[in-house]
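Please read the following points with the model open beside you, and check each one against what you see on the screen.

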Amino acid sequence: MSTTDNTVFYACKYTPLELLAGYGVNPKLCEVHPSNNAEATNLLASKNICGFGKGLLERLLKPDVHAAVLTTCCDTVRRVFDIVQDRADPDMFLFLLDIPHKTGPKEVEFFKKQLKDLAQAYAAYSSATFDITRAIGALSPSVPTTADHVSLIGAHGYPELLEEVQASLPLPVANETCTARHIDTPVPNDLARLKSPYDCVGCDQADTGGQDPLDTFLDWYAPALLKQMPCMRMEDVSRRKELFADPHQKGVVYHTMKFCDYYGFEYARIAAHQSFPLVKIETDPTTQSTGQLRTRLEAFGETLDVQTVKTEPRTEPKVQTPSQPGSPGKRYVIGIDCGSTSTDAVVMDSDKHLLSSVIIPTGAKAGTASAKAIQSVLEQAKLTPGQISCTVATGYGRDMVEGVDSTITEITCHAKGAHYLFPKAHTIIDIGGQDSKVIHIGDNGEVLSFVMNDKCAAGTGRFLEMMARTLEMPLSDFCKAGLEWKHPVRISSMCTVFAESEVVSLVAKDTPIPDIIHGLNNSVARKTVMLARRVHAEPPYVMTGGVAHNIGAVHALSDALKSEVTTHKDSQLCGAIGAALLGLES
């Protein structure tokens with residue numbers, strides 16, 4: 001049945017967009033960025049299907065979708081096709097294109113037949129006829145990038161992800177994911193001349209050597225489409241090495257999809273032999289973890305050799321009035337770390353002396369907490385707002401802090417602050433309220449690599465707070481009690497909810513509380529060691545964040561790493577100190 005809407009949705013780089021363009025189709029990459037996957041989960045037999053499949057399913061069942069072409073790239077898409085076929089409007093055009101995983105002569109011939117079946121099916125559906133001129137004209141030649149850029153490589157580069165990556169990085173972003181199409185097989189001269197409509201007025205079989213124009217096009221197009229830069233589902237992926245050899249590529253953001261391992265294999269290989277800045281991100285791809293994703297991307301951007309500090313000029317210049325403590329001409333800066341649990345602030349002078357500091361609970365409103373923290377450190381330092389030459393914010397709530405000069409991620413700030421507190425440190429373990437980070441730094445405190453835990457409270461300060469609450473103990477007593485353990489207890493679950501169930505069961509068995517706490521500290525240490533291995537961590541190790549005050553957890557980490565983990569009385573202020581130091585440098 002024909003329709004006035006000529007939009008066809010697709011999701012794979014092997015979708016024959018140019019062939020469809022020959023029928024007047026407007027191809028549209030399927031957006032797969034729902035706020036959550038509740039709707040798709042209700043339609044699927046398994047909750048562990050990848051987030052891309054769930055997002056694809058939800059999008060294809062929207063009322064504005066009248067036609068879609070999917071490919072057999074994986075079992076997830078096959079499952080999505082089955083459900084859409086069963087539940088969509090019966091008048092919807094839906095085609096599943098079988099993609100061979102090899103590119104030999106037999107596979108090319110098979111693929112050509114698949115493309116012809118698609119063409120005939122769409123022609124019957126739309127009553128459109130194939131125009132070889134439009135098909136050839138739709139080809140976009142692959143143009144090498146000659147400017148410095150960052151490459152997004154790996155799984156599906158859906159539009160919202162591309163926008164987020166570009167907004168977070170200081171260089172242009174080249175999409176090299178499995179949604180990027182680069183057909184670089186040269187077009188034969190007899191087809192290239194057909195790009196201009198006046199070269200093919202009234203095209204018929206005589207114009208194509210007596211062959212049907214569709215067959216003429218497919219003879220070249222089928223192998224060209226199949227032999228583009230391979231996705232990781234192809235049998236031979238050796239050509240993908242080209243993606244990492246571009247001299248203009250200044251860094252790689254490697255994207256993997258939750259519950260999908262295809263691209264994880266490649267990431268593991270390149271991470272072991274990388275010679276360029278590299279960061280891995282994983283998405284659902286829902287909008288539920290955009291805050292952590294943005295932090296990870298912005299921190300990566302700050303490791304590139306490009307100015308990345310976001311600065312907004314003040315409407316009124318600062319006026320230095322040396323009537324307050326400090327010598328004339330001395331600069332004062334505020335560094336503020338607005339985290340999920342606490343908001344920490346410091347005042348530092350141009351001699352890098354800490355004049356005051358404060359740690360207060362963040363509470364429900366990050367903006368309110370940051371305002372209180374700033375007011376408090378100013379009062380302690382006996383300074384006025386007009387005497388502050390720069391205020392730098394970091395932490396998850398950094399964008400909520402009003403009146404700042406710049407915002408910098410906690411990765412960069414903790415590296416800077418840790419190098420100030422521990423000049424010889426090479427690895428920073430930051431366990432905060434919401435997440436855990438391991439940062440590998442060089443001799444000068446520069447970030448070499450970093451890793452964050454993935455959207456889970458396990459191994460964080462929040463995890464230990466919940467366990468203290470379960471044991472009905474003040475957190476201060478909880479931290480000390482873990483040192484008095486006698487018998488080892490293993491908490492096997494890394495999940496906060498399941499670990500709490502284990503703790504309840506151990507209490508019911510009259511297991512000594514210190515032994516339970518030691519087991520919890522060890523579970524945090526095990527998870528942290530897993531992160532440390534991913535960044536090739538090395539001693540000396542230092543610990544920052546609020547959990548640095550938990551001496552039992554620090555001892556457990558030292559044992560797990562087989563090396564001393566050092567702390568400082570100002571460990572929790574490390575992020576704010578780093579922000580202040582960066583403010584001085586600006």
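1. A helix here is a DSSP run of H or I with at least four residues, numbered from the N terminus, and its expected span is 1.5 Å times one less than its number of residues. Please keep in mind that this is a predicted model.

2. Helix α9 runs over residues 213-226, and its 14 residues reach 20 Å from the first C-alpha to the last, close to the 20 Å expected at 1.5 Å a residue. There is nevertheless a kink of about 30° at Asp 219, shortly before the proline Pro 223.

3. At the N-terminal end of α9, Asp 212 acts as a cap, with a side-chain oxygen 2.8 Å from the backbone nitrogen of Leu 214. The helix α9 is mostly covered, since 13 of its 14 residues are buried.

4. Helix α5, residues 105-126, has 22 residues and reaches 31 Å between its first and last C-alpha, close to the 32 Å expected at 1.5 Å a residue. After α5 comes Ser 127, whose phi is positive, near 65°.

5. Which residues of α5 are buried? They are Val 108, Phe 111, Lys 112, Gln 114, Leu 115, Leu 118, Ala 119, Tyr 122, Tyr 125 and Ser 126. Because these residues cover an arc of only 165° around the axis, they lie on the same side of α5. On the other side of α5, Pro 105, Lys 106, Glu 109 and Ala 124 are exposed.

6. The buried residues of α5 pack against β1 (7-10), α1 (17-21), β3 (67-71), β4 (93-97) and α9, so that the two helices discussed in this note can be viewed together.

Notes
Residues numbered from 1 in each chain as written. Predicted model: local features only at pLDDT ≥ 70, side-chain atom pairs only at ≥ 80, totals over all residues. Heavy atoms only, no water. Bend = angle between axes of the 7 residues up to and from the residue. Buried < 20%, exposed > 50% of the residue type's maximum accessible area, 1.4 Å probe, protein only. Polar contact = N/O pair within 3.5 Å; in protein donor to acceptor, adjacent residues only side chain to side chain. Arc of directions from axis to C-beta. Contact = heavy atoms within 4.5 Å.
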